[in-house]
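Grab a viewer and work through these short exercises. Each one has a task, followed by a solution in steps.

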Amino acid sequence: MFSSVKAWFAGSEQEEGDVEAPFAEEGTSIPFIQCNADGKFEIGQEAQNLLRSIDGPLGVVAVCGRARQGKSYILNRLSKEAGGTHGGFKVGSTHEPCTKGLWIWSKPLLQIAADGTPYHLLLLDTEGVDAYDQTAQYSTQIFALAMLLSSTFIYNQMGGVDEAAIERLALVTEISRTIRSKSSPGKSSDAWDEFSPNFIWLLRDFFLDLSDKTGQSITPEEYLEETLKEIPGNYNSDKNQSRASIKTLFPKRQCITL
């Protein structure tokens, strides 16, 4: 599914009329996981019924990132490239967030894996982190839930990779590893890494010149690996730990610029 998502992004510049829909499904967005009045997360009944009805392999693509930076729009584009014809997840132009908690589409899209195996694609939309009406703890919880539930995790960001984004992502990776370990006490956190989602760092409105110190052109993947390299100096131990956490949890990682 990782290669399929990358291919969908490669075709995302097509005009809407050029998108084929071999597995078109109608539906609507439904609440998946919401925070109730007691501050606890709960799964919606409609989402439970949907998940129980799916027979066979399931692939989950989640998009996470800061609020008001087009996560729902990216999912709608991916849906079109995957064959969907629905109106999509709600996209708005005001400062008010459109998505609260985690939402999924009510009609998973039938896809064919590279080995010929059919599976259903489930798109997962998330509430933007760091919104003005959120606490830091709530933002981290939303981020971690999306990461734990996905098979391909897309980190949506405007511009280039910066230290704040690396620190935020590293914090969530450590929390995710801790949750996994507690869910199975007999299993080390390292043993869970084989189940880590494929990771795509999606850089929107990317304006930097992709070249190395010698002026040679580099790919987005090489740019990502460069930003995650260990930084010399003992005073950079915390930054290097953050980079190590990301690389450990996401051995399969990709950077895409739009």
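**Exercise 1.** Is strand β8 (residues 198-204) largely enclosed by the rest of the structure or exposed, and why?

*Solution.* Keep in mind that we're working with a predicted model.
- Start with the cut-off: a residue is buried when its relative accessible area is under 20%.
- Next, go along the strand: 7 of the 7 residues of β8 are buried, so the rest of the structure largely encloses it.
- Now split the strand by face. In a regular strand, side chains alternate between the two faces of the sheet.
- One side of β8 holds N198, I200, L202 and R204, the other F199, W201 and L203, and all of them are buried, so to speak for both faces: each is covered.

**Exercise 2.** Find which strands pair with β8, and say in what sense they run.

*Solution.*
- Take β7 (residues 152-158): 7 bridges join it to β8, and the two run parallel. For a concrete spot, look at F153, whose bridge partner in β8 is F199.
- Then take β9 (residues 253-257), which pairs with β8 over 5 bridges, again in the parallel sense. Here W201 sits opposite C255.
- Check C255 itself: with 1% relative accessibility, C255 counts as buried.

**Exercise 3.** Search the whole structure for aromatic pairs, then classify the one formed by F143 and Y155.

*Solution.*
- The search turns up 9 aromatic pairs.
- For F143 and Y155, the ring centres are 5.4 Å apart and the planes meet at 55 degrees, so the pair is tilted.
- Place the partners: F143 belongs to helix α4 and Y155 to strand β7, 12 residues apart, so to say it in the record's spirit, distant parts of the chain are linked.- Check burial: F143 is buried, with a relative accessible area of 1%, and Y155 counts as buried at 2%.
- Widen the view: ring pairs link F143, F153, Y155, F199, W201 and F250 into a cluster.

**Exercise 4.** Compare the span of helix α4 (residues 136-149) with the expected value.

*Solution.*
- Count the residues: α4 has 14.
- Go from the first C-alpha to the last: the helix reaches 20 Å, close to the 20 Å expected at 1.5 Å a residue.
- Finish with burial: the buried residues in α4 include Y138, I142, F143 and M147.

How values were computed: Residues are numbered from 1 along each chain as its sequence is written. This is a predicted model: local features need pLDDT of at least 70, side-chain atom pairs count only at pLDDT 80 or more; totals for chains, interfaces and linings use all residues. Side-chain values use heavy atoms; hydrogens and water are left out. Buried means under 20% relative accessible area, exposed over 50%, partly exposed in between (1.4 Å probe, protein chains only). Helices (H or I, at least four residues) and strands (E, at least two) are DSSP runs, numbered from the N terminus. Two strands pair if DSSP finds at least two bridges between them. The expected span of a helix is 1.5 Å times one less than its number of residues. Rings of Phe, Tyr and Trp (its six-membered ring) pair if their centres lie within 6.5 Å; planes under 30 degrees apart count as stacked, over 60 as edge-to-face and the rest as tilted.
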